Each structure stands twice: as C-alpha cells, then as structure tokens.
Amino acid sequence: MSIWWSLHLRREAASVPLARRFLLGTMESAGVDPDISFDLSLALSEACANAVEHGGEQRSANDLVAPGDCDPWDAWDSWSEQSGTASGQYWVTAYLDGEKCRIEVADSGPGFPARRVLRTAEQPHAQQPPAHQPQQLPPLSAEDGRGLCLIEQLADHVHFANRPGRGAVVSFDKVLKWREGALLMVS
C-alpha cells in the first residue's frame, strides 16, 4: 500500500503548520515511527517556510487589503486574485511507499542563488564540483539561513534545484521505520 498527496498552498505563514500537520497525520495513520515523523515534519516546515519567504515576488504593504475592508464572502475571489499568479502559491507533494517517504516543495520564486548538490546518507560529504563552495553555516546571531542546512541534516537524500523561469524545488527523502502492526506494512 502507498500513500500519495499534494497540497497547493498560499504563500502565507499559516500554511506552514497546515502542511506539517497534514504530514504528521498521514504518518501517524500509516504507522510511521514518531521519531522519523518528527524529523520529516521539521524538514517539511523548513522547506515550506523557505517557499513562503522566498518563493515569489514580495507584495508591498500598499497591495495588501486590511482585515475588515472586504466582505468575508469574497474570500474565494480574493484567493484567485491574490494567489492567481504563481508568486502567491507553492506546492507540497508527499509519497509514502513501503520503506521510503519522499517530499517535494516547489515554488515560483527566483530560485536558489548557488547550485547545491545531492547529498546522500551513504556519502554525507559527497565530492563537491570545483565551482561549488561548501555550504557555510550562518553566524549564531543570524535570524535566518539555517533551514536548508537543517533539511540536509534531517533527511537521507536531499536535492535543491532551480526551474528556470518557474522557481525552485526542494526534494528530500528518508527511509521509514514502522511501529509494530503499521497500516502500510500490513499490506
């Protein structure tokens, strides 16, 4: 038995815990070990937060509608107006299949500034291409910049890619451990 789902989300901070809870609920129902579920949900939160912050054009304060300035029944229309462009949304896809979970988060932003390479658990320090410098951790006083490094530490395989003219995608996977009598392992 396999589980696959995809979410199309607004680039808003509130979408990050929604995606995380959706993943945790799926994994709990399937019988995935809680430690593995936690690692993947934290990595997903970091990838979603990155998509929300960097995944499209930033709107100015003049473009935002103040709460109460619109009819609540117009929410559907405002969704299509504000996020009808690709810059107002991002996508999360998760696949749980037997022994592995793969998660992809795609946005429509400018992409990653520097090329990143695939890292695997078997080769934690894969040989870097000559043009690529190793990822430097941000200073402890920095307010951001640790998310991609954290994803690399929590997942078994990680890939960061730019889709020219269409944004960036972060994909990562992890080998799953199962609770005894797990739903997916019963099949």
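**Exercises on a predicted protein model**

The protein has five helices and six strands. The model is a predicted one.

**Exercise 1.** Determine the order in which helices and strands follow one another along the sequence.

*Solution.* Reading along the sequence gives the pattern β-α-α-α-β-β-β-α-β-β-α.

**Exercise 2.** Describe how strands β5 and β6 are paired and connected.

*Solution.* Step 1: locate the strands. β5 covers residues 157-163 and β6 covers residues 167-175. Step 2: establish the pairing. The two strands pair in the antiparallel sense over seven bridges. One of the residues to inspect is F160, whose bridge partner in β6 is V170. Step 3: examine the connection. Three residues lie between β5 and β6, which form a hairpin. In the turn, G165 has a positive phi of about 75°.

**Exercise 3.** Characterise the packing of helices α2 and α4.

*Solution.* Step 1: choose the descriptors. Two packed helices are described by the angle between their axes and the distance between the axes. Step 2: apply them. The axes of α2 (residues 34-54) and α4 (residues 147-154) come within 9 Å and cross at roughly 155°. Step 3: classify the angle. Angles over 145 degrees count as roughly antiparallel, and α2 and α4 are therefore roughly antiparallel to each other. The crossing of α2 and α4 is left-handed. Step 4: identify the residues that meet. D39, L42, A43, E46, A47 and N50 in α2 meet G147, L148, L150, I151 and L154 in α4.

**Exercise 4.** State the share of buried residues in the protein and the area the protein exposes.

*Solution.* Of the 187 residues in the protein, 40% are buried. The protein exposes about 11,400 Å², and carbon and sulfur atoms supply 55% of this area.

Definitions and conventions. Residues numbered from 1 in each chain as written. Predicted model: local features only at pLDDT ≥ 70, side-chain atom pairs only at ≥ 80, totals over all residues. Heavy atoms only, no water. Helix = DSSP H or I, 4+ residues; strand = E, 2+ residues; numbered from the N terminus. Buried < 20%, exposed > 50% of the residue type's maximum accessible area, 1.4 Å probe, protein only. Areas by Shrake-Rupley, 256 points an atom, 1.4 Å probe, with all protein chains shown as cover. Pairing = 2+ DSSP bridges. Axes fitted to C-alpha atoms, helices over the stretch in contact; angles between N-to-C directions. Parallel < 35°, antiparallel > 145°, perpendicular 65-115°, else oblique. Left-handed = near helix turned anticlockwise from the far one by under 90°. Contact = heavy atoms within 4.5 Å.
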